[in-house]
Amino acid sequence: MTESYEAVVVGGGAAGLSAALVLGRARRRTLVVDAGEPRNAPSAHMQGYLSRDGMSPAEFLATGREEIARYGVELVRDRVVDAARDGDFTVTLAGGGVARARHLVVATGLGDELPPIPGLAERFGRDVVHCPYCHGWEVRDLATGVVASSPLSVHQALMVTQWSKDVRLFLHQVREAELTDVDRRRLDAAGVEVVPGEVAEVLADGDRLTGVRLAGDGPSGAGAVHEREVLYVAPRAVPRNELFVRLGAELQETPFGGYPVIDERGLTSVPGLWAAGNASGFAEQVVNAASRGHRAGAAINAELLFADLDAAAQV
């Protein structure tokens, strides 16, 4: 049986819940479809969100779900497996449900593909991190390593020096020749030690990161070990853009994957199809994602209101 809504929001993270909250408060019949795969699930806390600094991501989302329920917003734990548009949008859920909506908000975020280094994934979100604005304060002044995934990792290493003066840049699969003269001068000025060679393993003692082992032969027959207390990595961003592709939205390619072309409100090239949070771009942290969702929700309410007024007035 098909249920009809004024808006369906795909994704129950900060962006999706924020859009749903605005729509619910605007008395719009709204459905949130949440697959339950938040990007920041590995992290114990989130930072940089005024009044929510240090709150756990799980608590933040639970609070958001309680808030949207106050305004009659429906939420289902399911996954959208298909979407089509014939004026309105029809979305099909993995559980067999079907919903129609005049507007569709895609807030599915993105995934992080980590470098395939043994021992690294197990510590991601704790003492293996990716964003100094998210984690820098918590790991300040520790012996820090940055595992390069491309020459752009030089920028990450330089940024990290704001939080620690003991920083080593492990080139990993980046060749020394790929570093520019400006890179080298900046790294030297910042006091960053550049370590050539591939990282073969992330080392831990109990529940504490202790360092990295490089590939190659050393005095003991194994690669050299560098003691570190925290590692920064740059995961490969994997945009969850399948619904945009399926619905024919225009995408733009970036160094971090393909994202929909949107206006300042989040509207894509497809009328009624909106993008919010990390579904709209790589760099949206929780506070930014919530802002994007709020903006989309308010814009959708206005679009619905004036579409109905114009139809009634035969404008």
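Helices here are DSSP runs of H or I with at least four residues, strands are runs of E with at least two, and both are numbered from the N terminus. Keep that in mind as you click around, and remember that this is a predicted model.

**Stop 1: the loop before α2**

Start by selecting glutamine 47, which sits in the loop between β2 (30-34) and α2. Glutamine 47 has a relative accessible area of 17%, under the 20% cut-off, so this residue is buried. What is glutamine 47 in contact with, once its neighbours within four places in sequence are left aside? Show Asp53, Gly54, Cys134 and Glu138, and you have the set.

Now go along to serine 51, in the loop between β2 and α2. Serine 51 is exposed, at a relative accessible area of 60%. Check its backbone too: phi of serine 51 is near 80°, a positive value in a residue other than glycine. Such a value deserves a glance because most residues other than glycine have a negative phi.

**Stop 2: the whole chain**

Zoom out. The protein chain holds 7 helices and 19 strands. Along the principal axes, its C-alpha atoms fill a box of roughly 80 × 35 × 35 Å. Of the 315 residues in the chain, 45% are buried. Take the contacts between residues at least 6 apart in sequence: 59% of them join residues at least 24 apart.

**Stop 3: a pocket**

Select Leu21, Tyr49, Phe60, Glu67 and Ala290 together and centre the view on them. You are looking into the second largest pocket, which has a volume of about 320 Å³. Those five residues are the closest to its centre, out of 15 that line the pocket. Which elements give two or more residues to the lining? Colour α1 (14-25), α2 (57-70) and α7 (286-313) to see them. The largest share, 5 residues, comes from α2. By type, the lining divides into 8 nonpolar, 5 polar and 2 charged residues.

**Stop 4: rings and charges**

Turn on the aromatic side chains. The model has 3 aromatic pairs. One to pick out is tyrosine 133 with tryptophan 163: the ring centres are 5.6 Å apart and the planes stand at 85°, so the pair is edge-to-face. Tyrosine 133 lies in helix α3 (residues 132-135) and tryptophan 163 in the loop between α4 (153-160) and β10 (167-170), so the pair ties together parts that are 30 residues apart in sequence. Switch on the surface for this pair. Tyrosine 133 is exposed, with a relative accessible area of 53%, while tryptophan 163 is buried at 18%.

Next, look for arginines sitting over rings. Arginine 140 lies over the face of tryptophan 137, at 4.0 Å from the ring centre. Then jump to arginine 29, which lies over the face of tyrosine 5 at 4.3 Å from the ring centre.

From arginine 140, step along to aspartate 141, in the loop between α3 and β9 (144-147). Aspartate 141 counts as exposed, at 65% relative accessibility. Its phi is near 65°, which is again a positive value in a residue other than glycine.

**Stop 5: back to the α4–β10 loop**

Select threonine 161, in the loop between α4 and β10. Is threonine 161 buried or exposed? Threonine 161 is buried, with a relative accessible area of 10%. Not counting residues up to four places away in sequence, threonine 161 touches Val167, Ala190 and Val192.

**Stop 6: two last residues**

Pick alanine 275, in strand β19 (residues 273-275). At 1% relative accessibility, alanine 275 counts as buried. Show its contacts beyond the neighbours within four places in sequence: Val106, Phe244, Pro260, Ile262, Gly266, Thr268 and Ser280. Then draw a C-alpha to C-alpha distance from alanine 275 to alanine 296, and it should read 7.9 Å for two residues 21 apart in sequence.

Finish at proline 255, in the loop between β17 (251-254) and β18 (257-260). Proline 255 counts as exposed, at 72% relative accessibility. A C-alpha to C-alpha line from proline 255 to alanine 237 spans 9.1 Å, and the two are 18 residues apart in sequence.

Methods. Residues numbered from 1 in each chain as written. Predicted model: local features only at pLDDT ≥ 70, side-chain atom pairs only at ≥ 80, totals over all residues. Heavy atoms only, no water. Phe/Tyr/Trp six-rings, centres within 6.5 Å; stacked < 30°, edge-to-face > 60°. Buried < 20%, exposed > 50% of the residue type's maximum accessible area, 1.4 Å probe, protein only. Lys NZ or Arg CZ within 6 Å of the ring centre and 35° of its normal. 1 Å grid on protein atoms, 1.4 Å probe; cavity = no way out; pocket = protein on both sides within 12 Å on 5 of 7 lines; lining within 4 Å. Points joined across faces, edges and corners; volume = space filled by probe spheres on them. Nonpolar A, V, L, I, M, F, W, Y, C, P; charged D, E, K, R; others polar. Contact = heavy atoms within 4.5 Å.
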